Protein chains: 2
Amino acid sequence: MLKATVYVTIKQSVLDPQGVAVQGALHSMGFGEVDKVRVGKYLEFELGTADRAEAEQRVKSMCEKLLANTVIEDYRYELV
Amino acid sequence: MLKATVYVTIKQSVLDPQGVAVQGALHSMGFGEVDKVRVGKYLEFELGTADRAEAEQRVKSMCEKLLANTVIEDYRYELV
């Protein structure tokens, strides 16, 4: 059994409105030292396989097809 | 200048409807080996300070006050 962790982030060149909103909120709460806030997604799941090479290929396929919108988002994953 | 990474996840004892939805979608797309999907948030930002101890305390305060809902969510952070 492998555990996968997937991180999906908006590409650097794409505006991140959620990050802008969070930064505005932090500034108005007195955390003015915060800059360049980016908000992404974080997914954890278990895979019913112990074959690492197969799992890598399956997780990559999941990211490309569903978990990330590769036009505007980057993804990376870890398997443990 | 320090860079902070914050991970916000729904507590294990709390139902994660977004995770359930993602798991259902993955299953219907042929990824039936996926189980226990949990979806969280991932934030990156820069801090205009080089004082590590102060930064830790400030990031913790941001998490408690805005970034995480500590009733239903856990958070952890890294400073680099």
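Which residue forms a salt bridge with A:Glu46, and how far apart are the closest N and O atoms? The legends below take up this question and a few others, and the model they describe is a predicted one.

**View 1. A:Glu46 meets B:Lys36 in a salt bridge.** Here is the reply to the opening question: the partner of A:Glu46 is B:Lys36, and their closest N and O atoms are 3.8 Å apart. A:Glu46 belongs to strand 2 of chain A while B:Lys36 belongs to strand 2 of chain B, so this pair joins two chains. Is B:Lys36 buried or exposed? With a relative accessible area of 51%, B:Lys36 is exposed, because the cut-off for that word is over 50%.

**View 2. B:Glu46 and A:Lys36 form a salt bridge too.** In this close-up the side chains of B:Glu46 and A:Lys36 come together, with a distance of 3.9 Å from N to O. The pair crosses between chains: B:Glu46 sits in strand 2 (residues 34–47) of chain B, and A:Lys36 sits in strand 2 (residues 34–47) of chain A. A:Lys36 has a relative accessible area of 53%, so A:Lys36 is exposed.

**View 3. A:Arg58 reaches B:Glu33 across the chains.** A salt bridge links A:Arg58 with B:Glu33, and the closest N and O atoms are 2.6 Å apart. Why does this pair join two chains? Because A:Arg58 lies in helix 2 (residues 52–67) of chain A, whereas B:Glu33 lies in the loop between helix 1 (17–28) and strand 2 of chain B. A:Arg58 is partly exposed, at a relative accessible area of 23%. B:Glu33 counts as buried, because its relative accessibility is 17% and the limit for buried is under 20%.

**View 4. B:Arg58 touches residues of chain A.** You will find B:Arg58 in helix 2 of chain B. Its relative accessibility is 23%, so B:Arg58 counts as partly exposed. Which residues does B:Arg58 contact, once its neighbours within four places in sequence are left aside? They are A:Gly30, A:Phe31 and A:Glu33. For a look along chain B itself, try B:Ala25: this residue and B:Arg58 are 33 residues apart along the chain, and their C-alpha atoms are separated by 38 Å.

**View 5. Helix 1 of chain A packs against helix 2 of chain B.** Two packed helices are described by the angle between their axes and the distance between the axes. For helix 1 (residues 17–28) of chain A and helix 2 (residues 52–67) of chain B, the angle is about 110° and the axes are 11 Å apart. These two helices are therefore roughly perpendicular to each other. At their meeting place, A:Val22, A:Ala25 and A:Leu26 face B:Met62, B:Leu66 and B:Leu67 in contact. The residues of this contact divide into six nonpolar, no polar and no charged.

**View 6. Chain A and chain B share an interface.** Chain A brings 31 residues to the contact and chain B brings 31 residues. Between them, about 2900 Å² of area is buried, and carbon and sulfur atoms give 62% of this. A:Phe31, A:Glu33 and A:Tyr42 supply 22% of the area that chain A buries against chain B, more than any other three residues. How many salt bridges are found across this interface? There are four, and a search of the whole structure, over all chains, also finds four.

Key. Residues are numbered from 1 along each chain as its sequence is written. Chains are lettered from A and ligands numbered from 1 in the order in which they are written. This is a predicted model: local features need pLDDT of at least 70, side-chain atom pairs count only at pLDDT 80 or more; totals for chains, interfaces and linings use all residues. Side-chain values use heavy atoms; hydrogens and water are left out. Helices (H or I, at least four residues) and strands (E, at least two) are DSSP runs, numbered from the N terminus. Buried means under 20% relative accessible area, exposed over 50%, partly exposed in between (1.4 Å probe, protein chains only). Axes are lines fitted to C-alpha atoms, for helices over the stretch in contact, and angles run from 0 to 180 degrees between N-to-C directions. Angles under 35 degrees count as roughly parallel, over 145 as roughly antiparallel, 65 to 115 as roughly perpendicular and the rest as oblique. Contact means heavy atoms within 4.5 Å. Ala, Val, Leu, Ile, Met, Phe, Trp, Tyr, Cys and Pro count as nonpolar, Asp, Glu, Lys and Arg as charged, and the others, Gly among them, as polar. Buried area is the accessible area (1.4 Å probe) that two parts lose on being put together, summed over both.
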